[in-house]
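Reader: Before I rely on any of the labels used for this structure, I would like to see how each of them is reached. Could you take me through the reasoning step by step?

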Amino acid sequence: MTAASTPPMIRVAGVDKFFGPLHVLKNVQLEVPKGQVVVVLGPSGSGKSTLCRTINRLEPIDSGLIEVDGQPLPAEGKELARLRADVGMVFQSFNLFAHKTIVENVMLAPVKVRRTPAAEARKTAMELLERVGIANQAEKFPAQLSGGQQQRAAIARALAMKPKVMLFDEPTSALDPEMVQEVLDVMTGLAKDGMTMLVVTHEMGFARKAADRVIFMSDGEVVEDSTPEEFFSAPKSNRAKDFLGKILTH
Amino acid sequence: MSVLTNNLDLFLRAFGQTLQLFAVSAVLSLVLGTLLAALRVSPVPVFRGIGTGYVTVLRNTPLTLVFVFFVFAYPLLEILKISEYTAALVALSLYTAAFVCEVVRSGINTVPVGQAEASRALGLTFTQMLGNVVLPQALRSVVPPMTSTMIALLKNTTVASGFAVFQAGNIREALADQGDDVLFGLIWVAIGFIILVLPLTYVQQVFEKRWSVAR
C-alpha cells in the first residue's frame, strides 16, 4: 500500500496548539490508515483529548496540518459541517440531546444533515440501537438511562451518520465501573467490523485487546508509537515506563 | 359596580384594544427577540455586534421616548406613512424585543456546551444546532422570566394613551369626561389588568410543568 494511492484516514502533521501560554500540542505527527484502531494513552493533561478534538476541529489548531481522508480541515462553516458529518465523535459526557428521546437523538442528524426521510432514518436508528443493545430504551429520554446505556446511545447516534472514522474522547471515564465493559464491548465490535477508530482512553484492557497501535502522549508530545504488545511489555521511553508503572501496579 | 355596568361597552372596547396591542406586539417581540438572541451568540462578530448594539440602544431608552420617536419623529423621515396604532405596535415590539433577547440569551447560556459540541460534531450547521438542539432547551428554562417580560409588555401598552391610541389606559379620561366616578373606574381598570395577567401566569405554570425534562 503506497501513501499516494490511499491517503491515511487521519493525517496530523506538525500540529501545535496553545491554550494561552500553555503549549498543549507540540509538533504532533500522527497518521491513522483506513481500518486501523489507534488507542491514545497518556497521563491527564498530556494533550490526548485535545488532539482528539482537533481532528474534527472542535479545537482549532495554531499551526500544522490536519487531513481527514486526504482532505485538509476547512475553516468553520458549511464545508466543515460536511466534513464533520463523516467523522463520528463520542464524548466523555455522552452529550445526548436532553430534550429528545433516544431514537430521536439517533435520527436527528441523518434527517437534518443527510436529508434522509424520517421513516427510513427511524428504521436505521432502531437497527443501530439493536446493535448496541438498547432498542428497548428507544422511546425514553437520556436522563432515564444509565450512563452505560447513554454512552451506547451516543455511539449509535454517531454511527447513524455512517462515518468514515470514529473518534472516542475518553468514552468510559464518566461511567460507573460496572458499566465500562458494556461500552467497551460495543467498541470492540466496531473495531472487529473494520471501523477506523482513534480512541483516547485509560482502559488498558481495551488497548491490549482491540488496538492495532498504541500512541503514548506526555506533555503535548507523542512519545511512543508502537504495537500494544511492544508498548506494554517493552516501553522505550522513561515517561512511558513511569506511566505504566503507576497504572499497572494496582 | 355601577361605573362598570353603566360603561361596560367602554371597558370592553378599551380592554379589547389593549389585548390586541398586547397580542400582536407579543408575537412580534418574541420572534424578533429570539432572532436577536441568535445574533448575539453567533460565531460571526458583526452579527454579535448588531445584536449587542440593538439591545444597548432599545433596552436603555425609556419606552415613552421610543413612542415619541415613532409617533412624532419617524413621520418626518417620510419613508412610509404609519398610523399611530401601527407606531404603537412598532414601538412596543421593538422595545420588548430587547428584553426578550436577553431572556432567551440567558436561557441559551443554561444549555450545557456539550449539547452544541455534539451537534457540531454530527455536522449540523449553526442554525440547525440553534433551532433543533439549543433553543428548544433554552426556552424551557426561561418560562418564568419570559412571563414577567410579557406581563410588563401587557402593562406597557397603556403608554399608548399619551399617543392617541385608544386602550384601557384611556378609560379614566373617558369616565372623567362623562362625570363618572373616576376612583372606582380606576379600581375596575386595575382589576381588568389583573384578570388579563392571570391567564399568563396560568400559561407559565402549564409550560413549566410540561417542559420540566430532567437533565
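Reader: Why is Ile191(B) called partly exposed?

Author: In this predicted model, Ile191(B) has a relative accessibility of 31%. Buried means under 20% and exposed means over 50%, with partly exposed in between, so the value of 31% places Ile191(B) in the partly exposed class.

Reader: What makes Ile191(B) part of a nonpolar patch on the surface?

Author: A patch takes residues with over 30% relative accessible area and no salt bridge, and joins nonpolar side chains, Ile among them, within 5 Å. Because Ile191(B) has 31%, it passes the area cut-off, and it is grouped with Leu183(B), Phe184(B), Ile187(B) and Ile195(B). Together these five residues have about 450 Å² of accessible area.

Reader: Where in the secondary structure of chain B does Ile191(B) lie?

Author: Ile191(B) belongs to helix H10, which covers residues 182-210 of chain B.

Reader: How do you know that chain B is built from helices and not from strands?

Author: The assignment for chain B gives 10 helices and 0 strands, and from the N terminus on its elements read α-α-α-α-α-α-α-α-α-α.

Reader: What share of chain B counts as buried, and what supplies the area that chain B exposes?

Author: Of the 215 residues of chain B, 44% count as buried, which means that they fall under 20% relative accessible area. Chain B exposes about 10800 Å², of which carbon and sulfur atoms supply 68%.

How values were computed. Residues are numbered from 1 along each chain as its sequence is written. Chains are lettered from A and ligands numbered from 1 in the order in which they are written. This is a predicted model: local features need pLDDT of at least 70, side-chain atom pairs count only at pLDDT 80 or more; totals for chains, interfaces and linings use all residues. Side-chain values use heavy atoms; hydrogens and water are left out. Patches are made of residues with over 30% relative accessible area and no salt bridge: like charges are joined within 9 Å, nonpolar side chains (Val, Leu, Ile, Met, Phe, Trp, Tyr) within 5 Å. Accessible areas come from the Shrake-Rupley method with a 1.4 Å probe; for residues, only the protein chains shown count as cover. A salt bridge is a side-chain nitrogen of Lys or Arg within 4 Å of a carboxyl oxygen of Asp or Glu. Helices (H or I, at least four residues) and strands (E, at least two) are DSSP runs, numbered from the N terminus. Buried means under 20% relative accessible area, exposed over 50%, partly exposed in between (1.4 Å probe, protein chains only).
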